[in-house]
Amino acid sequence: MNETAAHLVDAVLPPVPVRQWVLTVPHGLRYAMARDPKLTSAVLKTFLGAVSWWIRKRLRQQNVQGLLKTGAVTAIQRFDSALALNVHFHALVLDGAYQRQADASVRFWPVAAPDDEDVAEVAMRVYRRVLKLFDGDNDEFTAREPGMAAIAAASLSKMVATGGRRGFPVRRLKAGERPTSRLMGSRCAEVQGFNIHANVRVADKDRQGLEALCRYVGRPPLSDARLQEREDGNLSLQLKRAWSDGTTHLLLSPGELIEKLIPLIPRPRAHTMRYHGVLAPASGWRAEVVPRKGGKTVELAAQRNRGVGESIRIPWADLLKRVFKIDVLACSRCGGRMKVLAVVMNETAVAAILGHFSIDAEAPQIAEARPPPVDWEAA
């Protein structure tokens with residue numbers, strides 16, 4: 001998470017303003033996307049297409065003409081704070097677009113901030129275009145995953161597709177009535193379960209704020225700080241915000257926690273971090289857009305200076321200093337710089353060194369794995 005955020009700030013996201021656009025979808029479609037990575041990609045493409053369309057439209061209103069190219073980095077998250085399966089998108093969209101100038105250089109045009117109606121317009125466009133993914137009998141998703149397509153279609157039509165209330169309507173439109181958008185807050189709108197939020201923006205010079213936002217969108221589903229073991233062996237998971245009924249924690253057995261985590265594992269061969277537009281790997285504009293260092297793009301310089309087999313990962317000490325503000329290579333006595341002289345692998349030498357510092361050389365005994373929990377009532 002931290003290294004990915006550092007990479008995005010150092011080598012991907014240019015020094016321009018960035019706005020976070022978040023899309024959540026109806027429950028049935030979340031389940032379908034969790035099972036079908038291709039459907040997830042199709043919905044994401046539709047979402048980013050709608051946001052890019054709005055950016056170009058707003059720039060036209062600002063009298064910016066010609067070819068305009070947008071860019072974004074999207075983190076696909078599969079969870080919420082209660083560890084429920086919730087596939088949704090956090091897109092870090094460049095708050096404007098690039099244009100090729102007469103001298104062959106590229107120029108960034110910032111876009112005016114969207115108002116609530118603009119976000120509602122994007123939400124409506126996403127809703128209508130996602131509906132088209134399921135139109136017709138020859139739809140590729142229907143042919144490939146008929147069960148998943150049925151669930152998604154039921155969700156989009158506000159019907160319940162599974163469970164005890166299968167077949168009952170959740171919310172239905174009468175004949176002739178058109179779907180309408182609801183404003184849910186500042187720069188937040190919802191259309192038939194498609195919710196878009198676009199109220200978080202990072203200024204072009206706020207690189208620390210941008211890195212913090214990158215850490216947020218790339219965070220794991222569970223934080224140790226919110227999980228505590230109780231005396232009875234169960235686990236208490238603290239919610240980020242109390243629910244409307246007053247619930248502040250979830251009580252889970254170890255087996256139930258594992259059960260909650262299993263669906264959150266991403267599908268194989270499906271990236272959860274995606275790059276779009278001018279930030280896409282194959283974009284011809286990428287080298288001119290990403291952050292530059294010493295007249296060269298950071299990525300190009302790293303590729304040319306990297307030796308065969310040499311890692312480009314951020315050194316562990318640099319990452320600790322960057323994230324936690326702890327300089328572990330600074331000597332606490334003289335203030336000088338420490339460096340790794342050797343890695344000792346011989347057991348006898350390791351024991352001698354640890355013994356010199358009065359540190360126990362014996363490794364702690366690892367307890368045997370516990371058997372799975374038994375449901376005595378069922379037995």
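Which residue in strand 11 stands opposite S236? The first point below takes this up.

1. **Strand pairing.** The model is predicted. In it, L251 of strand 11 is the residue opposite S236. Strand 10 covers residues 235–238, and four bridges join it to strand 11. The two strands run antiparallel.

2. **The sheet around that pair.** Strands 9, 10 and 11 form an open sheet, in the order 9-10-11. The pairing is antiparallel. Strand 9 (227–229) and strand 11 (249–252) are the edges, each pairing on one side only. Neighbouring strands are turned against each other by 25° on average, direction ignored.

3. **A helix on the sheet.** Helix 8, residues 254–261, packs on this sheet. It touches strand 9, strand 10 and strand 11. The direction of helix 8 makes about 110° with that of strand 11.

4. **Helix 1 against helix 11.** Helix 1 spans residues 2–11 and helix 11 spans residues 316–324. Their axes come within 11 Å and cross at roughly 85°. Helix 1 is therefore roughly perpendicular to helix 11. On the helix 1 side, the contact is made by N2, E3, A6, V9 and D10. Helix 11 brings L319, R322 and V323. By class, the contact has four nonpolar, one polar and three charged residues.

5. **Aromatic pairs.** The count of aromatic pairs comes to four. One pair is worked through here: F47 with F89. The ring centres are 6.3 Å apart and the planes stand at 20°, so F47 and F89 are stacked. The cut-off behind that label is an angle under 30 degrees between the planes.

6. **What the F47–F89 pair links.** F47 lies in helix 3 (residues 37–61), while F89 lies in strand 3 (residues 85–94). The pair therefore ties together parts that are 42 residues apart in sequence. Are these two rings' residues buried or exposed? F47 has 0% relative accessibility and counts as buried. F89 is also buried, with a relative accessible area of 0%. The limit for this label is under 20%.

7. **L279, a loop residue.** L279 sits in the loop between strand 12 (273–277) and helix 9 (286–289). At 0% relative accessibility, L279 counts as buried. Its C-alpha atom is separated by 7.4 Å from that of V73, a residue 206 places away along the chain.

8. **Contacts of L279.** Neighbours within four places in sequence are left aside here. L279 is then in contact with V12, L13 and P14. Its contacts also include G71, A72, V73 and L94. R286, V289 and V290 are in contact with L279 too.

How values were computed:
Residues are numbered from 1 along each chain as its sequence is written. This is a predicted model: local features need pLDDT of at least 70, side-chain atom pairs count only at pLDDT 80 or more; totals for chains, interfaces and linings use all residues. Side-chain values use heavy atoms; hydrogens and water are left out. Two strands pair if DSSP finds at least two bridges between them. Axes are lines fitted to C-alpha atoms, for helices over the stretch in contact, and angles run from 0 to 180 degrees between N-to-C directions. Contact means heavy atoms within 4.5 Å. Angles under 35 degrees count as roughly parallel, over 145 as roughly antiparallel, 65 to 115 as roughly perpendicular and the rest as oblique. Ala, Val, Leu, Ile, Met, Phe, Trp, Tyr, Cys and Pro count as nonpolar, Asp, Glu, Lys and Arg as charged, and the others, Gly among them, as polar. Rings of Phe, Tyr and Trp (its six-membered ring) pair if their centres lie within 6.5 Å; planes under 30 degrees apart count as stacked, over 60 as edge-to-face and the rest as tilted. Buried means under 20% relative accessible area, exposed over 50%, partly exposed in between (1.4 Å probe, protein chains only).
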